[in-house]
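Here are my notes on the model you sent over. Have it open while you read, since the points go from one strand and its neighbours out to the whole chain.

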Amino acid sequence: MSTRSSTSRRSTGFEVGGTYRVPPGTLVIGANVRSDTHPGAKAFAAPIKARGVLEPITAWVDDECNLVVYRGQRRTLAAASVGTPDGLVPVHVVTRPAEVDRVTDQLVENVHRAAMRAAEERDAIEQLSLLGVSAAQITKRTAITRPTVDAALTVSASQTARERMDATGMTLEAAATFAEFEDDPPAIQALEQALSWGRPLEHTAQRLRDARAEETALRAHAQLLREQGVPVLDPQDVPDRAWTLHLDALVTTDGDPIPEHDWANVPGAAVLLRAQWAYPDELDDPDTTPGDGGGEPALRFVQVWICTDPQAAGLRS
C-alpha cells in the first residue's frame, strides 16, 4: 500500500490502492445504509480530536475527482466537526463498488461489529496505566469516562476481583464494588446476596459504606472518650443481652436506684456507645419533632452506662 501527500492530488490524482491524507471537509459523504451518524456522540469525537482518525476512511473517486466516502462516514463527519491534530485524515482509495456490494458491505460492517468486552477494556486501561499514563490522561486520550477508568484500575489491582469478573462476566463497576469490600467477608456475602436476589448492587454497597463510616466514627469517638477516662467498650466486647444491664434499670438489693452521678463508681461499670442520626433541632431539644428546624441530619453518639456483672456489684434488675 502506498502513502502519498494530499498535494499529489493535483499532479497524479487519486490512485486505487493508495492512501492519502486529506482535509476531512473535502470528502463527499456517499450513500450509506446507516442513516443515524450520532452527531452528538462526544465520546466518539473526543479521541479523533486528540489523536486523529486512526483507521483509514475508505473512499472511491467520482468523475470529478472527488473522494466519495464508502466506509467511515462517522469518522469523516466527526473529524470535519471537531478537527484532528494535523487537520487531515487518512483515506484509502478503492474501486467504485457496485451498489449491491456497497449495501452488502456496509450492512455487514455495522450488523456484525462486536463490542469490546468489559474485561478487554479493563486490561487495555491497565496496560496504559502500566505504561505510565495517568487516569486523567487515559480519560482524555480515550474519552472513556473517569468512573469507568477508575473502576478498571481498581479491579486490575485486585486479583480476586479480576477473577470474579472473568468468571461471572459482571460489569467493571460491579467488580470494582466487590474489590472495594474484598477485605470484609460479611460485606462480600451481602453483595453476593444482593446479586442473587436481583437487587441493585449500588444500593447495598452504599449501605455498607455508610455502616463502615459510622463504625469508623464510633471507634474514633470511643477512643476520645477513653482518653478522658470514660470506660467505653469496643463493639465486640459488648455483653450479650446488654439491655438487661443498663444502670438506669438496676437497683440495689434494697430496691434503691443508683444515682446517675454514681454510675462511674459502680464495680464493673462500662459505657456502650449508640450511634444516632438527628437533625440539628433535635440535638438542642430532644422533644422537637424531627426535621422541624430543617438542615441535614448529623451523627451523634449516646452514652449508655451498664454494669457488666450486676451480681458482683450487689445489684439486681
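**Notes on the predicted model**

1. First, a reminder that we're looking at a predicted model. I'd start with the S4–S5 hairpin: the two strands are joined by five residues, and Cys65 sits in that turn with a positive phi of about 70°.

2. Cys65 deserves a second look. Most residues other than glycine have a negative phi. Cys65 isn't a glycine, yet its phi is positive, at about 70°. You'll find Cys65 in the loop between S4 and S5. Is Cys65 buried or exposed? Neither, strictly: Cys65 counts as partly exposed because its relative accessibility is 45%, and the exposed class only begins over 50%.

3. Now the strands themselves. S4 covers residues 57-61, and S5 covers residues 67-71. They pair in the antiparallel sense, with four bridges between them. If you want a spot to check by eye, look at Val61, which stands opposite Leu67 in S5.

4. S4 has another partner too. Strand S6, residues 89-93, pairs with S4 over three bridges, this time in the parallel sense. Here the pair to click on is Ala59 and Val93, with Val93 in S6 being the bridge partner of Ala59.

5. How covered is S4? Mostly: of its five residues, four are buried.

6. Cys65 has company in the backbone department. Ala143 also has a positive phi, about 65°, and it isn't a glycine either. Look for Ala143 in the loop between helix H6 (135-142) and helix H7 (146-156).

7. On the outside, which residues make the nonpolar surface patch of about 310 Å²? They are Val33, Val103, Leu107 and Val111. Val111 belongs to helix H4, residues 99-111. Val111 counts as exposed because its relative accessible area is 53%, and the cut-off for that class is over 50%.

8. Finally, the whole chain. The secondary structure comes to 13 helices and 10 strands. Of the 317 residues, 34% count as buried. The accessible surface is about 19,000 Å², and carbon and sulfur atoms account for 52% of that. As for contacts with a separation of 6 or more, 64% are between residues 24 or more positions apart.

Notes
Residues numbered from 1 in each chain as written. Predicted model: local features only at pLDDT ≥ 70, side-chain atom pairs only at ≥ 80, totals over all residues. Heavy atoms only, no water. Buried < 20%, exposed > 50% of the residue type's maximum accessible area, 1.4 Å probe, protein only. Pairing = 2+ DSSP bridges. Patch = residues over 30% accessible without salt bridge, like charges linked within 9 Å, V, L, I, M, F, W, Y side chains within 5 Å. Areas by Shrake-Rupley, 256 points an atom, 1.4 Å probe, with all protein chains shown as cover. Salt bridge = Lys/Arg side-chain N within 4 Å of Asp/Glu carboxyl O. Contact = heavy atoms within 4.5 Å.
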